[in-house]
Amino acid sequence: MREDTEDKPLESRTPRRGRPPRGWAAVAVVIALLCVVLFALGRFAQVPWLDDVFGVDTKDRSGPAVLKSIQDMHRYEGAAGNYQVVVDLEKDARLLPDSIRGTRTLFVASGSVAAYVDFGGIGQGSVTVDEKRTTATLRLPHARLAEPTVDPRRSYTVSKQRGLIDRLGDLFSDNPADERAVHILAADRIGAAAEESDLTLRAEKNTTAMLQGLLKGLGFEQVTVTYAP
């Protein structure tokens, strides 16, 4: 019998177009496994009992503080308010799910705001004394609020959720940008609460009591303190 020795069509021996090479599939698998391992390591590193098992040594190699400038203070802090605020800051990517890209931080911040009266601009016309030196009148500027401060020792992060990309970015950053963002937002919230309170009025009341006690101790019988812009 005659064997069929005709060649197969060229199309049957040509690989189909559109299929990715096998090498790319292996690379994709390796990248996926690497992401899973890094995610697992990030979760595993946050387990608190690891410090007790392996032990952690803390070494402070910080340098000495360097004096940059000196500023003379001409103000009297008559009152200070202590505040606590819960900051819930969330940042999401528009086209990616939260598990891939996005952060949400729940932060409890404790801080304070001081109210003060500035004595630096007081001139000779701001203080009036009678001839017998028994009556004194002082005209002072209204009390103002200082910049709010957040106490890191009394502030803490309750929870922090991050997407996979953000977790990978934290591996190469010791001070992520979202940490600064929650501190700035907390300071703004504390400052806004201080502006709505009567902290400046209390500072003026305490400043008046301090000046009256001081001047009456020097022999003045009547001391009047007024506040103007």
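Y83 lies in strand β1, which spans residues 75–92. The model is predicted: local features require pLDDT of at least 70, side-chain atom pairs count only at pLDDT 80 or more, and totals for chains, interfaces and linings use all residues. Residues are numbered from 1 along each chain as its sequence is written, and side-chain values rest on heavy atoms, with hydrogens and water left out. Strands (E, at least two residues) and helices (H or I, at least four) are DSSP runs, numbered from the N terminus.

Beyond its neighbours within four places in sequence, Y83 is in contact (heavy atoms within 4.5 Å) with A109, S110, G111 and V113. The contacts of Y83 also include I190, A193, A194, S197 and L199. P148 is 65 residues away from Y83 in sequence. In space, the C-alpha atoms of Y83 and P148 are 9.7 Å apart.

The protein chain contains 6 helices and 8 strands. From the N terminus, the order of elements is α-α-α-β-β-β-β-β-β-β-α-α-α-β. Of the contacts with a separation of 6 or more, 79% join residues 24 or more positions apart. Buried residues (under 20% relative accessible area; exposed is over 50%, partly exposed in between; 1.4 Å probe, protein chains only) make up 22% of the 229 residues. The chain exposes about 18000 Å². Carbon and sulfur atoms supply 54% of that area. Accessible areas come from the Shrake-Rupley method with a 1.4 Å probe; for residues, only the protein chains shown count as cover.

An open sheet is formed by 3 strands in the order β3-β4-β8, with mixed pairing. The edge strands, each paired on one side only, are β3 (127–129) and β8 (222–228). Neighbouring strands of this sheet are turned by 10° against each other on average, direction ignored. Axes are lines fitted to C-alpha atoms, for helices over the stretch in contact, and angles run from 0 to 180 degrees between N-to-C directions. Strand pairing requires that DSSP finds at least two bridges between the strands. Strands of a sheet pair through backbone hydrogen bonds, either parallel or antiparallel.

Strands β4 (residues 135–141) and β8 run parallel and are joined by 7 bridges. L140 has Y227 of β8 as its bridge partner. R139 stands opposite T226 in β8. Helix α6 (residues 199–217) lies across both β4 and β8. The helix runs at about 150° to β8.

Side chains alternate along β8. V223, V225 and Y227 point to one face and are buried. Q222, T224, T226 and A228 point to the other face and are not buried. T226 counts as partly exposed because its relative accessibility is 33%. Not counting residues up to four places away in sequence, T226 touches L138, R139 and L140. E204 is 22 residues from T226 in sequence, with a C-alpha to C-alpha distance of 9.3 Å.

The loop between β3 and β4 holds R133. Phi of R133 is near 60°, a positive value in a residue other than glycine. Most residues other than glycine have a negative phi. R133 counts as exposed because its relative accessibility is 54%.

Ring interactions were also examined. The charged end of R75 sits over the ring of Y116, 4.1 Å from the ring centre. The criterion is NZ of Lys or CZ of Arg within 6 Å of the ring centre and within 35 degrees of the ring normal.
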